[in-house]
Amino acid sequence: MPIVVRIDVELAKRKMSVGEFAERVGLTPANVAVLKNGRAKAIRFSTLDAMCRTLECQPGDLLEWVDDGTGD
């Protein structure tokens, strides 16, 4: 999938646990894992907003498009 989720990088920079992040954002740790592992099909803007507020970052810090060569 050409969208790579970089939540783990931002969490590591802040020394924040997945559990703490999940609680602050209002997600379950399991749903954070789905996002981190790239298994999510979509994300709500309200969730992205909460993630950016919690981590004090921009959406581009959390999501990256990578050309996988499939041309899709």
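Contact here means heavy atoms within 4.5 Å. The structure shown in these views is a predicted model.

**View 1. Leu27 and its contacts between helices H2 and H3.** Leu27 sits in the loop that joins H2 to helix H3 (29–36). Leaving aside residues up to four places away in sequence, Leu27 touches Ala22, Val32, Leu35 and Thr47. One of these partners, Thr47, is 20 residues from Leu27 in sequence, and the C-alpha atoms of the two are 8.5 Å apart. Thr47 is also among the buried residues of H4.

**View 2. Packing of helix H2 on helix H4.** Two packed helices are described by the angle between their axes and the distance between the axes. For H2 (residues 18–25) and H4 (residues 45–55), the angle is about 125° and the axes are 9 Å apart. H2 is therefore oblique to H4. The crossing of H2 past H4 is right-handed. On the H2 side the contact is made by Phe21, Arg24 and Val25, and on the H4 side by Thr47, Ala50, Met51, Thr54 and Leu55. Sorted by character, the residues of this contact are five nonpolar, two polar and one charged.

**View 3. The buried residues of helix H4.** Thr47, Leu48, Ala50, Met51, Cys52, Thr54 and Leu55 are the buried residues of H4. An α-helix has 3.6 residues a turn, so residues three or four places apart point the same way. The buried residues of H4 pack against several elements: helix H1 (7–14), H2, H3, helix H5 (59–62) and strand S2 (63–65). Among the buried residues, Thr47, Ala50, Met51, Thr54 and Leu55 also take part in the contact with H2.

**View 4. The end of helix H4 at Glu56.** Glu56 follows H4 and has a positive phi, near 50°. Leu55 of H4 belongs to the contact with H2 and is one of the buried residues of H4.

**View 5. Cys52 and Cys57, two cysteines without a disulfide.** A disulfide is a covalent bond between the sulfur atoms of two cysteines. A search of the whole structure finds zero disulfides. For Cys52, the nearest cysteine sulfur is that of Cys57, 4.4 Å away, and Cys52 is in no disulfide. Cys57 is likewise in no disulfide, with the sulfur of Cys52 as its nearest cysteine sulfur. The cut-off for a disulfide is a pair of cysteine sulfur atoms within 2.5 Å. Cys52 has a relative accessible area of 11% and is therefore buried. Cys57 is buried too, with a relative accessible area of 9%.

Definitions and conventions: Residues numbered from 1 in each chain as written. Predicted model: local features only at pLDDT ≥ 70, side-chain atom pairs only at ≥ 80, totals over all residues. Heavy atoms only, no water. Axes fitted to C-alpha atoms, helices over the stretch in contact; angles between N-to-C directions. Helix = DSSP H or I, 4+ residues; strand = E, 2+ residues; numbered from the N terminus. Parallel < 35°, antiparallel > 145°, perpendicular 65-115°, else oblique. Left-handed = near helix turned anticlockwise from the far one by under 90°. Nonpolar A, V, L, I, M, F, W, Y, C, P; charged D, E, K, R; others polar. Buried < 20%, exposed > 50% of the residue type's maximum accessible area, 1.4 Å probe, protein only.
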